[in-house]
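Here is a friendly walk through a protein chain you may not have met before. Have a look at it first, and then we can go through it piece by piece.

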Amino acid sequence: MSVTLDIKLKRANKVYHEGETVAGVVTLCCKEQLQHNGITLSMDGIVNLQLSSKSVGVFEAFYNSVKPIQLISSSIEAAKAGKIPGGKTEIPFEFPLISKGNKVLYETYHGVFVNIQYTLRCDLKRPLLAKDLSRSCEFIVHSQPQISKIVPTPVKFSITPETLQNVRERSQLPRFLIRGHLDATSCVISQPLTGEVQVDKSDVPVKSIELQLVRVETCGCAEGYARDATEIQNIQIAEGDVGHGLPIPVYMVFPRLFTCPTLETTNFKVEFEINVVVILQDDHLITENFPLKLCRV
């Protein structure tokens with residue numbers, strides 16, 4: 001006998017804030033009457049921390065993962081044991097979005113070594129030989145907007161062979177001058193990062209200009225901290241030998257779920273950086289790094 005179980009939230013975008021009510025319906029579709037031993041609904045919010053392979057040997061006490069942090073956990077009985085008639089049945093539910101104790105509900109974030117996730121799970125228990133059914137559904141939590149207003153402060157940059165760090169043989173570098181600005185490094189997460197970059201001169205033709213968004217995740221305990229930087233996205237803003245003195249617009253939208261407001265707690269940190277990358281025809285790679293502070297207003 002085929003039975004389908006589904007969870008549908010009332011909000012199409014599935015975005016909630018702390019203190020609000022997560023409401024929806026559990027949908028059951030079956031061709032004939034269904035016997036069951038109870039339907040339960042649970043809501044969980046968990047921070048999963050994991051160490052990268054290079055850090056595992058350093059922190060023996062950690063082994064491969066750090067203990068998950070439970071932010072929210074509650075469950076309700078949606079229906080007592082009994083029978084469900086054939087056809088489509090909808091069971092409404094409501095959960096208040098309130099954290100456990102004095103914990104803060106951090107914003108939903110899908111990273112590599114830090115993962116903050118909120119889920120609803122429905123379990124339908126069935127008698128004896130019939131297989132139990134379960135269904136999960138993720139919903140998104142946004143942190144409360146900060147009250148203070150952000151005043152964008154433009155950041156200017158100028159890249160020459162002399163300003164570069166981590167260079168082995170500076171004398172062998174081609175001569176170049178790349179200038180530009182970012183309109184702000186304290187950014188509103190729902191608005192794009194903007195600015196300009198221009199190549200004033202370069203002995204070697206330019207091959208490509210790219211924008212690289214990087215997440216910097218730090219997990220730690222009393223023994224020490226493991227800091228890992230990984231790429232979120234890379235956008236090419238110019239290809240080929242661009243005209244010298246021509247301003248090239250910088251425009252990057254922060255991807256949903258893979259970015260969140262900059263977060264710093266006792267156990268972990270989530271920070272973001274942007275790299276302006278210029279690749280020359282002879283495969284010289286020129287990078288300028290800018291730390292970003294993301295927030296929600």
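What follows starts with the whole chain, moves on to its sheets, and ends with a buried leucine and some aromatic rings.

A word on the ground rules: this is a predicted model, where local features need pLDDT of at least 70, side-chain atom pairs count only at pLDDT 80 or more, and totals for chains, interfaces and linings use all residues. Residues are numbered from 1 along each chain as its sequence is written, and side-chain values use heavy atoms, with hydrogens and water left out.

**The chain as a whole**

How many helices and strands does the chain have? There are one helix and 21 strands. Both are DSSP runs numbered from the N terminus, with helices being H or I over at least four residues and strands being E over at least two.

The C-alpha trace spans about 80 × 45 × 40 Å along its principal axes. The radius of gyration is 25 Å, while a compact globule of 297 residues would come out near 19 Å. That radius is taken over C-alpha atoms, and the globule rule is 2.2 Å times the number of residues to the power 0.38.

Of the 297 residues, 45% are buried. Here buried means under 20% relative accessible area, exposed means over 50%, and partly exposed is in between (1.4 Å probe, protein chains only). The chain's accessible surface comes to about 15900 Å², and carbon and sulfur atoms account for 50% of that; the areas come from the Shrake-Rupley method with a 1.4 Å probe.

Now for contacts, which means heavy atoms within 4.5 Å. Looking at those between residues at least 6 apart in sequence, 71% join residues at least 24 apart.

**Two open sheets**

Strands pair if DSSP finds at least two bridges between them. One open sheet has three strands in the order S1-S3-S8, with antiparallel pairing. Its edges are strand S1 (3-9) and strand S8 (87-96), each with a single partner strand, so one side of each has no neighbour in the sheet. Neighbouring strands here are turned by 20° against each other on average, direction ignored. Such angles are taken between axes, which are lines fitted to C-alpha atoms (for helices over the stretch in contact), and run from 0 to 180 degrees between N-to-C directions.

Another open sheet has four strands in the order S12-S13-S15-S18, again paired antiparallel. Strand S12 (155-159) and strand S18 (248-252) stand at its edges with a single partner strand each, so one side of each is left without a neighbour. The twist averages 20° from one strand to the next.

**Strand pairs side by side**

Here are some strand pairs, with their direction and bridges.

| Strand pair | Direction | Bridges |
|---|---|---|
| S3 (residues 21-30) and S8 | antiparallel | 10 bridges |
| S15 (residues 193-202) and S18 | antiparallel | five bridges |
| S20 (residues 268-280) and S21 | antiparallel | eight bridges |
| S14 (residues 186-188) and S21 (residues 285-295) | parallel | three bridges |

To find these on the model, try a few partners. Val26 has Ile91 in S8 as its bridge partner, and Gly195 stands opposite Val250 in S18. In S21, Glu288 is opposite Val276, while Cys295 is the bridge partner of Val188. The hairpin of S20 and S21 has four residues between the strands, and Asp283 there takes a positive phi near 70°.

**A buried leucine in S21**

Leu292 sits in strand S21. Is Leu292 buried or exposed? At 6% relative accessibility, Leu292 counts as buried. Leaving aside residues up to four places away in sequence, Leu292 touches several others, including Thr185, Cys187, Leu213, Phe254 and Phe272. Asn37, in contrast, is 52 Å from Leu292, C-alpha to C-alpha, and 255 residues away in sequence.

**Aromatic rings**

The structure holds six aromatic pairs. Rings of Phe, Tyr and Trp (its six-membered ring) pair if their centres lie within 6.5 Å; planes under 30 degrees apart are stacked, over 60 edge-to-face, and the rest tilted. Tyr109 and Phe272 have ring centres 6.3 Å apart and planes at 85°, so the pair is edge-to-face. Tyr109 is in strand S9 (residues 109-110) and Phe272 in strand S20, so the pair ties together parts 163 residues apart in sequence. Tyr109 is buried at 0% relative accessibility, and Phe272 is buried at 1%.

Tyr118 and Phe139 make a tilted pair, 6.0 Å centre to centre with 40° between the planes. Tyr118 is in strand S10 (residues 114-124) and Phe139 in strand S11 (residues 133-141), 21 residues apart. Both Tyr118 and Phe139 are buried, and ring pairs link them with Tyr16 into a cluster.
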